[in-house]
Amino acid sequence: MADQEGGDLVSQLVDSVRKFSGLPECRNAVRDMYGNLVRRVKLLSPLFEELKDSGEQLDVDDVQGLQSLQTALNLALQLLKSVNEGSKIFQALQIDRTRHKFHAITTQIEAALCKVQYDRLDIPEEVLEQIILVHQQFKRAKVQTESPDLQLQTDLAMVRKGNEPDLEMVKRLSEKLHLTTINDLRSESIAIHNMVVSTGGDPENFFETVSFLLKKINDYVMQGNPTLDTSDREKSFMRHRSPVIPDDFRCPISLELMKDPVIVSTGQTYERSCIQKWLDAGHKTCPKTQQTLLHTALTPNYVLKSLIALWCDSNGIELPKSQGNSRNTKTGKTGSECDQTAIASLLQKLANGNSDEQRAAAGELRLLAKRNTDNRICIADAGAIPLLVELLSSRDSRTQEHAVTALLNLSINEANKGIIVSVGAIPDIVDVLKNGSMEARENAAATLFSLSVVDENKVAIGAAGAIPPLIDLLQEGTPRGKKDAATAIFNLCIYQGNKVRAVRAGIVGPLMRLVKNASGGMMDEALAILAIIASHHEGKAAIGGAEPIPVLIDVVGTGSARTRENGVSILWCVCAGDVECLKMMKEFGAEEVLKELAENGTDRAKRKAASVLELLQRLQPPVNL
């Protein structure tokens with residue numbers, strides 16, 4: 001029975017590896033992780049083929065080990081299929097989570113290989129050597145996580161913070177995300193649509209960023225990217241063909257492509273003009289579900305409207321014009337850019353609604369404020385900011401998350417920053433940073449960063465006690481949360497008084513741990529903060545007491561251009577005037593590293609390296625004649 005079980009298991013393993021070999025090429029942000037895992041698994045094939053051909057009897061321990069390996073390979077196959085499907089932009093935005101999944105799978109495969117005593121199996125020596133080599137590769141991969149594409153992550157972080165990408169950034173994103181042709185864009189648009197439909201809404205609040213990026217990349221490609229491999233004939237075909245309209249884009253009443261989709265109380269979406277006629281005729285039910293409508297308010301479905309716009313762009317179809325696009329002579333804004341009636345309705349719910357209505361209204365304002373500049377202006381002008389600030393103290397965690405994130409999105413507008421501060425929001429935002437859910441804390445940190453762009457706000461935020469909870473988030477947060485905390489701390493520490501607050505709050509220890517953890521993805525941010533606080537005498541003393549010399553010399557010798565620059569700046573601040581520190585640098589071989597940096601670093605790094613070298617040379621004892 002055991003022999004039969006072992007034979008069947010080996011056959012399954014052979015089939016599994018063949019499935020890996022049949023996987024398509026990965027063309028998105030996880031390509032390197034995908035390719036490395038596929039390559040390593042395929043190298044296991046000779047072992048399984050040899051066991052199958054030889055018909056060797058396997059003992060119980062080997063069978064159990066191979067069963068564990070089969071389970072791990074099945075999970076790996078599922079992961080590889082999942083990351084190679086769906087939206088490329090969405091995959092890039094959640095790259096940290098995906099990296100953790102690849103690491104978990106790698107760890108599981110390596111643990112399964114440890115259970116297989118392949119050195120006792122009757123297999124050729126060259127096969128045994130290859131399996132030992134592959135096992136070593138999995139062991140190394142378990143310890144050393146894949147390095148992210150720092151340029152891609154930097155570009156995406158800039159976009160997520162509301163910065164308008166320039167042409168060069170859009171070009172990089174187009175190339176790195178492999179969205180360079182009309183076919184790529186069409187597939188991406190469909191993938192985004194399917195993702196939103198399958199999740200029933202906005203997956204992890206990424207939709208606005210995904211939609212915005214796809215539109216930017218689409219515009220860039222259509223404007224004649226020199227590397228575009230799409231012919232004029234294909235473009236002409238795209239304009240004149242008649243693609244099938246997805247059912248979700250059709251109004252259930254007219255069955256036509258929706259121009260101005262709105263949501264009724266049952267959650268169904270209709271073309272505004274069609275459902276309005278239905279309501280005007282005296283109907284009190286939802287046409288599709290026949291449920292009684294709780295109210296007759298119509299809420300714009302901005303998510304679906306953006307999807308329809310993207311689908312039209314990708315299929316060469318002129319975007320349908322809605323009646324709401326007529327110019328409003330009083331406000332100078334179009335109806336689609338700023339739906340004042342909908343905003344007024346939402347504010348009424350914020351002020352007078354029950355807890356469920358407040359939560360829903362805050363969530364809708366959060367999305368509206370993220371959408372565009374006009375909405376941010378309209379929402380603030382309508383008086384939403386004081387109401388949202390009141391909700392920061394809500395006992396409902398989701399309401400609190402919506403409120404602080406809505407304020408974050410509103411703060412992108414410069415005038416709104418002043419309103420948020422003037423109504424006394426900073427202490428409440430700091431309280432959310434201390435006591436809110438993880439999502440609320442992260443968005444509170446991002447809000448404080450946005451507000452701290454104004455110099456006088458740096459003083460107020462520091463005085464409100466923001467720095468200690470930011471340091472806590474720097475240690476406890478998700479990868480995104482840690483970056484939000486780091487950018488906020490860095491910006492606050494531009495003000496001299498906040499440098500002292502940060503040092504006295506114990507920031508140096510956590511920062512040094514982040515610098516030493518090269519695989520954690522926070523080295524750049526940690527070094528940048530250390531470089532700025534090292535200019536203060538208390539910061540210099542705290543860093544000097546953390547035994548920084550060995551790790552800083554390593555950073556200067558092996559890091560990126562930015563990390564090397566910050567590393568040598570910290571060395572200069574800490575060791576200037578400190579003979580013992582300079583002696584330690586010499587002991588760790590700093591001179592050769594600094595000489596190389598003085599020749600090949602950035603301009604600022606060259607200057608700092610030359611200055612530190614000069615200090616080291618002065619340390620040389622005089623030569624006796």
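## Nonpolar cores

In this predicted model, the largest nonpolar core contains 91 residues. The residues with the most contacts inside this core are L388, L470, I507, I533, M585 and L594. Helix α28, which covers residues 523–533, supplies the largest share of the core, with eight residues.

I507 gives a local view of the packing. Leaving aside residues up to four places away in sequence, I507 touches I471, I489, A502, I529 and I533. I533 is itself listed with I507 among the residues that have the most contacts inside the core. A second core, separate from the one above, has 43 residues. Its members include L9, L51, A112 and V134.

## Overall composition

The protein has 625 residues, and 47% of them are buried. Its secondary structure comes to 34 helices and three strands. Among contacts with a separation of 6 or more, 71% are between residues 24 or more positions apart. The protein exposes about 29400 Å², and carbon and sulfur atoms supply 50% of that area.

## Helix α22

Helix α22 runs over residues 438–451 and has 14 residues. At 1.5 Å a residue, α22 should span 20 Å, and its end C-alpha atoms are 20 Å apart, so the expected and computed values agree.

Is α22 largely enclosed or open? Eleven of its 14 residues are buried, so α22 is largely enclosed by the rest of the structure. The buried positions take in A440, A444, A445, A446, L448 and L451, and they also include R441, E442, N443, T447 and S450.

## Q70 in helix α4

Q70 is part of helix α4, which spans residues 60–83. The relative accessibility of Q70 is 10%, and Q70 therefore counts as buried, the cut-off being under 20%. Not counting residues up to four places away in sequence, Q70 touches L9, Q12, L13 and S16. One of these contacts, L9, is also listed in the second core.

## The three-stranded sheet

The three strands form an open sheet in the order β2-β1-β3, with antiparallel pairing. The edge strands are β2 (269–271) and β3 (299–300), each of which pairs on one side only.

Strand β1 covers residues 261–263 and pairs with β2 over three bridges in the antiparallel sense. Which residue of β2 is the bridge partner of P261? The partner is E271.

## Cysteines

The disulfide count for the model is one. The bond joins C575 to C581, with an S to S distance of 1.9 Å. Both C575 and C581 are buried. C573 is in no disulfide; its nearest cysteine sulfur belongs to C575 and is 9.9 Å away.

Why is C251 not bonded to C274? The closest cysteine sulfur to that of C251 is in C274, at 4.1 Å, which is too far for a bond; a disulfide requires the two sulfur atoms to be within 2.5 Å. C251 has 1% relative accessibility and so counts as buried.

How values were computed. Residues numbered from 1 in each chain as written. Predicted model: local features only at pLDDT ≥ 70, side-chain atom pairs only at ≥ 80, totals over all residues. Heavy atoms only, no water. Buried < 20%, exposed > 50% of the residue type's maximum accessible area, 1.4 Å probe, protein only. Core = buried A, V, L, I, M, F, W, Y, C linked by side-chain atoms within 4.5 Å. Helix = DSSP H or I, 4+ residues; strand = E, 2+ residues; numbered from the N terminus. Contact = heavy atoms within 4.5 Å. Areas by Shrake-Rupley, 256 points an atom, 1.4 Å probe, with all protein chains shown as cover. Expected span 1.5 Å × (residues − 1). Pairing = 2+ DSSP bridges.
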